Amino acid sequence: GTADIDCDLLVLGAGPGGYSAAFRAADLGLKVVLVERYAALGGVCLNVGCIPSKALLHVAAVMDEVKHFESLGVTFAAPVVDINKLRTHKEKVVGKLTGGLAAMAKMRKVTVVRGLGQFVGEHHLQVEETTGEHQEKSGKSQTIGFKTCIIAAGSQAVRLPFMPKDPRVVDSTGALALEAVPKRMLILGGGIIGLEMGTVYSTLGARLDVVEMMDGLMQGADRDLVKVWQKMNAPRFDNIMLGTKTVGAKATPEGIEVSFESAKDGVTAPAPQTYDMVLQAVGRTPNGAKLAADKAGVTVTDRGFIPVDIQMRTNVKHIFAIGDIIGQPMLAHKAVHEAHVAAEVIAGELQGNKELASAAFNARVIPSVAYTDPEVAWVGLTEDQAKAQGIKVKKGLFPWSASGRAIANGRDEGVTKLLFDDSPEAHGHGKILGGGMVGTHAGDMIGEIALAIEMGADAVDIGKTVHPHPTLGESIGMAAEVAHGSCTDLP
Ligand code: FAD
């Protein structure tokens, strides 16, 4: 035909969505081509997202933990940070994982094509080869013919239009580059990404301000949890500006001068402030508008999202989309699960396997985690959402000040909170609808609450599940017993 390469499945973008789809499809026997503009596989998550941020956050958490130790009777010398070495550590972590992906692609005989892909027809993608660190076009291009396609082109950070182009203004990618530690840093946007990066920089010595348009940090998380986080983290901040928006910024020799306006009645915006570094973390925008998707007949919304059904299928029967590009929540674990669904549906349809072809994304809930110190993790309904939806809930709140393990760790500020259906039809045996935790390792434990929701567990199921003692995870069983009204007082 007219193509340089032909395949059963073309996957556009090698982030967690793209590589997971490519690998699953290859395992199911399809001939797969994976197109990625960067040299390294792994997308945002592995290269400039989940993984490098966690490498730095782990270091910050240990540095912070050590500070507590004086009161436990152990003193360490003040930490000395070699920022170049720390950066190298982070790069090694990323390199190990992206290198692993390249090996796995090879093992599965997935053909990786480097370059910028754009659709030129319903069954064709043109790839302009990119080289070097800055993705320069080499001038070479090839056309890939595909029977089916999965679009996994992800998202990128939103830039505020009035922000000056200046090295002191960064997005999460710039912040993760870890060039230097500023004295005064503004976090623009009080969401997970901004607060995670703020944690790293403040532990390394920066003073923080944060500005958030809404009236609370970490929108989406239960307020009882955020309250605990904010109390513990207050010392990092000079100023937490809620209900406030950023309306202008200019670069001066002294720093970036940022001006604010009230976004809410009763809030007085502060006078302009000057910062050594401004981190824009005001959200991410999907890459849907940059793919010439119309050439393939694929619908893209005005905001750049690609609508799909529960099988991840776009309006074009043989083209699917997954991950950040299809919508919120923009999280790696969501992308991976969607990837498996799309790959299975495609393999099922190409191979006449009805069971595979009927795969669908049916998750009831998707957990969120802020890997800050303490961590905040939540899944399903929050108390505010239950109230807004008129759902009567029974709550079980277990403060970690009653957890033997948390006390032994010297970190008993945490809280575990579970919400159960308390509507009359539930007859006192309502299923769990949501839950969250604030505290050390909260992110590692939230999966149990997600499982409980998926399985339709009630408070008795969770409370009677024997949790090991003494663990932080025990607090989930305890919270369920509190909700059920049969709290044992095992510390
Ligand atoms: P992406 O990872 O965005 O990958 C898309 C890929 O497609 C990219 O590699 C891109 O180069 C490529 N591409 C795009 N267009 C083209 C084209 N035309 N041609 C060729 N290639 C193209 N999520 C979590 O679950 N946990 C976390 O802890 C977490 N931390 C984060 C921290 C930060 C700082 C950031 C920014 C994000 C974080 N996320 C986290 C979100 C997570 O990174 C994303 O949800 C995830 O990467 C989305 O995967 P994806 O496959 O949809 O797309």
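Two residues are taken to be in contact when their C-beta atoms, placed from the backbone, lie within 7 Å. With that in mind, and remembering that this is a predicted model, the tour can begin where a helix meets a sheet.

**Stop 1: the five-stranded sheet and the helices across it**

Select helix H7 (223-233) together with E19, strand E21 (415-421) and strand E22 (432-439), since H7 lies across these three strands and runs at about 175° to E21. The strands belong to an open sheet of five, ordered E18-E19-E22-E21-E20, in which the pairing is antiparallel. At its edges are E18 and strand E20 (393-399), each of which pairs on one side only, and on average neighbouring strands of this sheet are turned by 10° against each other, direction ignored.

Now add helix H14 (474-484), which lies across E20 and E21 and runs at about 135° to E20.

At the E18 edge, show strand E18 (368-370) and strand E19 (375-380); the two run antiparallel and are joined by three bridges, with Ser368 having Trp378 in E19 as its bridge partner. Between E18 and E19, select the loop that holds Pro374. The peptide bond leading from Asp373 into Pro374 is cis, with omega near 0°.

**Stop 2: two further backbone details**

A second cis peptide bond to display is the one from His469 to Pro470, where omega is near -5°; Pro470 sits in the loop between helix H13 (459-464) and H14, so that selecting this loop leads back to the helix already shown across E20 and E21.

Next, move to the loop between strand E10 (207-212) and H7, and pick out Met218, a residue that is not a glycine and yet has a positive phi of about 45°. As background for these selections, most residues other than glycine have a negative phi, and most peptide bonds are trans.

**Stop 3: the three-stranded sheet**

Select strand E12 (244-252) and strand E14 (273-275), which are the edge strands, each pairing on one side only, of an open sheet with the order E12-E13-E14 and antiparallel pairing. Neighbouring strands here are turned by 30° against each other on average, direction ignored.

Strand E13 (residues 255-262) is joined to E12 by eight bridges, and the two run antiparallel; they form a hairpin with two residues between them. To find one rung of this pairing, show Lys245 and its bridge partner in E13, Glu261. On the other side, three bridges join E13 to E14, again in an antiparallel arrangement, and Ile256 has Tyr275 of E14 as its bridge partner.

**Stop 4: helix H3 and its two neighbours**

Select helix H3 (residues 50-68) and helix H4 (residues 83-107), whose axes are 9 Å apart and which pack at an angle of about 140°. The two helices are therefore oblique to each other, because only angles over 145 degrees count as roughly antiparallel, and their crossing is right-handed. From H3 the contact takes Ile51, Pro52, Ala55, Leu56 and Val59, while H4 supplies Leu86, His89, Lys90, Val93, Val94 and Leu97. By class, these are nine nonpolar residues, one polar and one charged.

Keep H3 on display and add helix H6 (residues 192-203), which packs against H3 at an angle of about 45° with the axes 9 Å apart. H3 and H6 are therefore oblique to each other as well, but their crossing is left-handed. Here Ser53, Leu56, Leu57, Ala60, Met63 and Asp64 of H3 meet Glu196, Met197, Thr199, Val200 and Thr203 of H6, giving a contact of six nonpolar, three polar and two charged residues. Leu56 deserves a label of its own, as it takes part in the contact with H4 and also in the contact with H6.

**Stop 5: the ligand**

Finally, centre the view on the ligand and select the residues around it, of which there are 37, with Gly13, Gly15, Gly43, Gly154 and Gly323 coming nearest. Two or more residues of this shell come from each of helix H1 (16-27), strand E2 (32-36), helix H2 (43-48), H3, strand E4 (116-121) and helix H8 (332-351). Colouring the shell by class shows 19 nonpolar, 14 polar and four charged residues.

Key
Residues are numbered from 1 along each chain as its sequence is written. This is a predicted model: local features need pLDDT of at least 70, side-chain atom pairs count only at pLDDT 80 or more; totals for chains, interfaces and linings use all residues. Axes are lines fitted to C-alpha atoms, for helices over the stretch in contact, and angles run from 0 to 180 degrees between N-to-C directions. Helices (H or I, at least four residues) and strands (E, at least two) are DSSP runs, numbered from the N terminus. Angles under 35 degrees count as roughly parallel, over 145 as roughly antiparallel, 65 to 115 as roughly perpendicular and the rest as oblique. A crossing is left-handed if the near helix is turned anticlockwise from the far one by less than a right angle, and right-handed if clockwise. Ala, Val, Leu, Ile, Met, Phe, Trp, Tyr, Cys and Pro count as nonpolar, Asp, Glu, Lys and Arg as charged, and the others, Gly among them, as polar. A residue is near a molecule or strand if its C-beta atom, placed from the backbone, lies within 6 Å of it. Two strands pair if DSSP finds at least two bridges between them.
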